[in-house]
Amino acid sequence: MKNIISIAVLAGLTTAYSGDLTYYAAGVGSCGVTNTDSDAIVALSLPMMANGGNPNTNPKCGSKISIHNPTSGQTAQATVVDSCAGCAMYDIDVSGSLFTTLAGGLSAGRVSVDWEFQGQVPKLKERRKNRLCWGSWIC
């Protein structure tokens with residue numbers, strides 16, 4: 001079961017998510033940036049990204065997240081650069097090198113992690129036809 005956990009911190013409220021961590025072959029992501037497998041990058045689920053007509057201008061692109069694997073105890077930071085069509089709402093897909101750091105090797109395939117945005121998170125602007133629209137994005 002996937003959970004959303006609200007955590008009070010000195011700077012305000014942060015929302016932590018729990019989901020599955022998988023990996024993918026890096027390349028050109030939905031944010032329009034080319035990355036390699038050695039980059040610390042992440043793809044968020046389509047519902048979390050809410051891309052709209054031009055995903056290159058998504059305000060979540062370039063956001064930083066912190067990922068923690070409670071089983072291994074490993075924590076890492078990643079930059080949002082892509083969308084994951086096969087991910088459930090709170091699942092994330094990362095580069096192979098980042099997956100290896102967090103899961104101990106690619107052979108793990110899928111592990112449960114907790115993650116949260118770092119710094120200012122793009123805010124929900126409106127809901128249009130059951131689609132979430134972020135920041136100044138027009139859906």
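A residue counts as buried when its relative accessible area is under 20%. This is a predicted model.

**Helix α2**

Helix α2 runs over residues 96–103. Its buried residues are Gly-96, Leu-98, Phe-99 and Leu-102. Why do they sit on the same side of α2? They cover an arc of only 160 degrees around the axis, so they share one side of the helix. Just after α2 comes Gly-104. Gly-104 takes a positive phi of about 90 degrees.

**Two strand residues**

Ser-95 and Glu-116 both lie in strands. The table sets out their locations and accessibility values.

| Residue | Strand | Relative accessibility | Class |
|---|---|---|---|
| Ser-95 | β6 (residues 92–95) | 0% | buried |
| Glu-116 | β7 (residues 111–118) | 23% | partly exposed |

Ser-95 counts as buried because its relative accessibility of 0% is under the 20% cut-off. Glu-116 counts as partly exposed because its value is 23%, and that class lies between the 20% and 50% limits.

**Around Ser-95**

Which backbone atom lies 2.6 Å from a polar atom of the Ser-95 side chain? The backbone oxygen of Asp-39 does. Asp-39 also appears among the contacts of Ser-95 beyond its neighbours within four places in sequence. The other residues in that set are Tyr-23, Tyr-24, Thr-36, Asp-37, Ala-40 and Ile-41.

**Around Glu-116**

Glu-116 pairs up here with Lys-64 for a distance check. The two are 52 residues apart along the chain. Their C-alpha atoms are separated by 8.6 Å.

Terms used: Residues are numbered from 1 along each chain as its sequence is written. This is a predicted model: local features need pLDDT of at least 70, side-chain atom pairs count only at pLDDT 80 or more; totals for chains, interfaces and linings use all residues. Side-chain values use heavy atoms; hydrogens and water are left out. Buried means under 20% relative accessible area, exposed over 50%, partly exposed in between (1.4 Å probe, protein chains only). Helices (H or I, at least four residues) and strands (E, at least two) are DSSP runs, numbered from the N terminus. The arc is that of the directions from the helix axis to the C-beta atoms. A polar contact is a pair of N or O atoms within 3.5 Å; within protein, one must be able to donate a hydrogen and the other to accept it, and residues adjacent in sequence count only if both atoms are side-chain atoms. Contact means heavy atoms within 4.5 Å.
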